[in-house]
Amino acid sequence: MSDFFNQFGGMLWQGTLDTLYMVLLSTIFGYIIGLPLGIILTITSKEGITPRPAVYRILDVIVNILRSIPFLILLIMIMPMTKVIVGKSYGTAATVVPLVVSAAPFIAREVESSLKEVDKGVIEMAQSMGASNGTIIWKVLIPEARTSLIVNAAIVVGTILGYSAMAGTVGGGGLGDIAIQYGYYRYETGVMMITVVILVVLVQILQGIGMGLAGRLDHRK
């Protein structure tokens, strides 16, 4: 066992760091795009505070199309764009681009779902008090939906982590790349098993943090 970790330990540690880098950076940029998109979808829907059917339909179609494309296909499709943005189409930095493109519409839909759970009576009360749309969004919708938003964020992180592992099939870096290069091509079963264990542990830790935070902030308790 010591020989195994002497040979592969450094590589697995670096792969773990690369995976966390991809996941966290993709999550941040995914929310920078997906959160406002989810808010716009919520407020422009038929039941929203500023219904805009045309805007909603356009954004709804875009989100549905992007969410329908399997991640590996999307990754390959946008390789030219990735190369323009990052300067190359492989490696950890390059993988962040398709991860963001894939995560943003997923996040938007999760945000929309969370915000639509807010009690309509609370929104109507704010409107009756003369609150502006901006105030309703930032002082009513988001605070009231914060528990659901955090739970969904934990799900998002787990999903992005899974996507980052898939990127290893095309040289995306991180643990997925190690699993493919060593576990599959070189028949190093031990490396394959360890990468799977690390990925499972990372998912449990990240989602556990999210669920724990959601539980602490749940005002219904």
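Here are four short exercises, with worked solutions, on the predicted model shown above.

**Exercise 1. Find which residues are linked in a network of salt bridges, and work out how the pairs connect.**

Let's start with the count: there are three salt bridges by the rule used here.
- Step 1: Asp 60 and Arg 109 pair up through their side chains, at 2.7 Å from N to O. Asp 60 sits in helix H2 (residues 53-68) and Arg 109 in helix H5, so this bridge ties together parts 49 residues apart in sequence.
- Step 2: Arg 109 also meets Glu 112, at 2.6 Å from N to O. These two both belong to helix H5 and are three residues apart, about one turn of the helix.
- Step 3: Glu 112 forms a salt bridge with Lys 116 too, at 3.0 Å from N to O.
- Step 4: Put the pairs together and you get a network of Asp 60, Arg 109, Glu 112 and Lys 116.

**Exercise 2. Decide whether Glu 112, Arg 109 and Lys 116 are buried or partly exposed.**

You'll need one cut-off: buried means under 20% relative accessible area.
- Step 1: Glu 112 has 4% relative accessibility, so it counts as buried.
- Step 2: Arg 109 has a relative accessible area of 14%, so it is buried. Its partner Asp 60 is buried as well.
- Step 3: Lys 116 comes in at 34%, so it is partly exposed.

**Exercise 3. Place Asp 18 in the structure: which helix holds it, and what does it contact beyond its sequence neighbours?**

- Step 1: Look in helix H1, which covers residues 2-44; Asp 18 is there.
- Step 2: With 22% relative accessibility, Asp 18 is classed as partly exposed.
- Step 3: Skip neighbours within four places in sequence, and Asp 18 is in contact with Thr 92 and Gly 174.
- Step 4: Now check on Gly 174, which is one of the buried residues of H9. Eight of the 11 residues of H9 are buried, so that helix is largely enclosed by the rest of the structure.

**Exercise 4. Describe the largest nonpolar core, and say which helices each supply at least two of its residues.**

- Step 1: This core has 40 residues, and Ile 136 is among those with the most contacts inside it, as are Leu 12 and Leu 115.
- Step 2: The helices that each supply at least two residues are H1, H3, H5, H6, H7, H8, H9 and H10.
- Step 3: Zoom in on Ile 136: residues up to four places away aside, it touches Ile 49, Ile 123, Ala 126, Gln 127, Ala 131 and Leu 141.
- Step 4: Don't miss the second, separate core, which has six residues, including Tyr 56 and Ala 108.

Technical notes. Residues numbered from 1 in each chain as written. Predicted model: local features only at pLDDT ≥ 70, side-chain atom pairs only at ≥ 80, totals over all residues. Heavy atoms only, no water. Helix = DSSP H or I, 4+ residues; strand = E, 2+ residues; numbered from the N terminus. Buried < 20%, exposed > 50% of the residue type's maximum accessible area, 1.4 Å probe, protein only. Contact = heavy atoms within 4.5 Å. Core = buried A, V, L, I, M, F, W, Y, C linked by side-chain atoms within 4.5 Å. Salt bridge = Lys/Arg side-chain N within 4 Å of Asp/Glu carboxyl O.
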